[in-house]
Amino acid sequence: MKTLELTEAEALKVKDYAASKLGVCRKMNDIIGTQIFQILSLHARVIYYPLGKESVWGFTRIKGARGGGQSQKPFVVINSSIPIDCQVFAAAHELYHIWEDDKVDVVPAYVMDDETGDRNELKANRFAAEFLVEEELLIKELRTYGIASDNVSLKEILILSELFCVPYRTMVKRLFEIGFITKTDRNRFLNASEQEVMIARKRYALSIPQGDEKIAIDNLTELAVDAYENKRITFEKLEYLLDISNLKPVDVGISESENNPFPSDDELDKIMEE
């Protein structure tokens, strides 16, 4: 695939758009990190499922589920097999598509390489980077940790990527995008092998991002527990619904010994009338 880059005008437009959305979310002075999942949940029904480490990072069904009605929330699937920092990036990428256009979208596994002929995908990638690693916050952290542009190494980049909870490659690109490192340095750091990056993480006692293999269908678990506690479903139905997310009642604080008797028909009628 041909590697493309955004024009200066396109990049500036995306930067301004990301800043406006940070303002709407009241997050201009916050490092977003895993907050992105809660922000995404405000605008979509989010499904987390382990699709495999080599599979797509995520995808969105913009028009929702019921006949494509525009009033329905979009569905977003995040691949929980990939490292958490990649999940964070995928969530921000999908937010761009939800906010900016109405296409069905799939984030490919090679998204960080920008190997795409679709300029809209490049814009979504740049939006995710701008939204997750806002320029002023990044400059502030560079000063806090005493990182100078003439002595940036793998260690400093990994510290910053851990701090902002974004992939290593995203941080390399952000440092170049704000003019902190040269194009030569950018290419050198991007060409570092996965093994080199892994060795550096271990050498400097930095965390190694992992997939959590999470299975969750929006707020299904919460709704199922609430329904059971309010005697609207049986214990067996609760078990069935929780099993979808690989959970058992005891995992959410409910034991079989506390099994509430299911209401009678008269009690159900009263519940329905409330």
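Okay, let's start with one residue: D185 is buried, with a relative accessible area of 18%. It counts that way because buried means under 20% relative accessible area. Keep in mind as we go that this is a predicted model.

So what does D185 pair with? Its partner is R188, in a salt bridge whose closest N and O atoms sit 3.0 Å apart. Both residues belong to helix α8, three residues apart, which is about one turn of the helix. R188 has a relative accessibility of 47%, so R188 counts as partly exposed. If salt bridges are new to you, the basic idea is that side chains of opposite charge can pair when their charged atoms come close.

How many salt bridges turn up in the whole structure? A search finds 10. Let me show you another from α8, because here R186 of that helix pairs with E5, in the segment before α1 (8–24), and so ties together parts that are 181 residues apart in sequence. The N to O distance in that pair is 3.8 Å. Is R186 buried or exposed? With 12% relative accessibility, R186 counts as buried. E5, on the other hand, is exposed, with a relative accessible area of 54%.

Next, have a look at helix α4. R126 and E130 form a salt bridge there, and their closest N and O atoms are 3.1 Å apart. They're four residues apart in α4, so about one helical turn separates them. R126 is buried, and E130 is buried too. And this pair has company: salt bridges that share partners join R126, E130, R174 and E177 into one network.

That brings us to α7, since R174 is one of the buried residues of that helix. Helix α7 runs over residues 168–177 and is mostly covered, with seven of its 10 residues buried. Besides R174, the buried ones are Y168, T170, M171, V172, K173 and L175. Which helices do they pack against? The list is α3 (84–100), α4 (119–132), α5 (135–144), α6 (154–164), α8 (183–190) and α9 (194–203).

One of those neighbours, α6, is worth a stop of its own. Its buried residues are L154, E156, I157, L158, L160, S161 and F164. What covers them includes α4, α5, α7, α8 and α9. So if you click on α6 and α7 in the viewer, you'll find each one in the other's list.

Now a quick word on backbone angles. Most residues other than glycine have a negative phi, and most peptide bonds are trans. So let's see where phi is positive in this model. After α6 comes C165, with a positive phi near 55 degrees. After α7 comes G179, with a positive phi near 80 degrees. E213 isn't a glycine, but its phi is positive as well, about 55 degrees. You'll find E213 in the loop between α9 and β5 (216–217), and at 41% relative accessibility it counts as partly exposed. Then there's N246, again not a glycine, with a positive phi near 60 degrees. N246 is in the loop between α11 and α12 (265–273). Its relative accessibility is 57%, so N246 counts as exposed.

Let's move to the surface. Which residues make the negative patch? They are E236, E239, D243 and E256. D243 is in helix α11, residues 235–243, and D243 is exposed, with a relative accessible area of 51%.

There's a nonpolar patch as well, about 250 Å², made by Y49, L51 and F59. L51 lies in the loop between β1 (45–49) and β2 (58–61). At 34% relative accessibility, L51 counts as partly exposed.

Last, let's zoom out to the protein chain as a whole. The chain has 12 helices and five strands. Of its 274 residues, 45% count as buried. The accessible surface comes to about 15,100 Å², and 49% of that belongs to carbon and sulfur atoms. And take the contacts between residues at least 6 apart in sequence: 71% of them join residues at least 24 apart. The R186 and E5 pair we looked at earlier links parts that are 181 residues apart.

That's my tour, thanks for listening!

How values were computed: Residues are numbered from 1 along each chain as its sequence is written. This is a predicted model: local features need pLDDT of at least 70, side-chain atom pairs count only at pLDDT 80 or more; totals for chains, interfaces and linings use all residues. Side-chain values use heavy atoms; hydrogens and water are left out. Patches are made of residues with over 30% relative accessible area and no salt bridge: like charges are joined within 9 Å, nonpolar side chains (Val, Leu, Ile, Met, Phe, Trp, Tyr) within 5 Å. Accessible areas come from the Shrake-Rupley method with a 1.4 Å probe; for residues, only the protein chains shown count as cover. A salt bridge is a side-chain nitrogen of Lys or Arg within 4 Å of a carboxyl oxygen of Asp or Glu. Lys and Arg count as positive and Asp and Glu as negative; His and the chain ends are not counted. The place of a charge is taken as NZ of Lys, CZ of Arg, CG of Asp or CD of Glu. Helices (H or I, at least four residues) and strands (E, at least two) are DSSP runs, numbered from the N terminus. Buried means under 20% relative accessible area, exposed over 50%, partly exposed in between (1.4 Å probe, protein chains only). Contact means heavy atoms within 4.5 Å.
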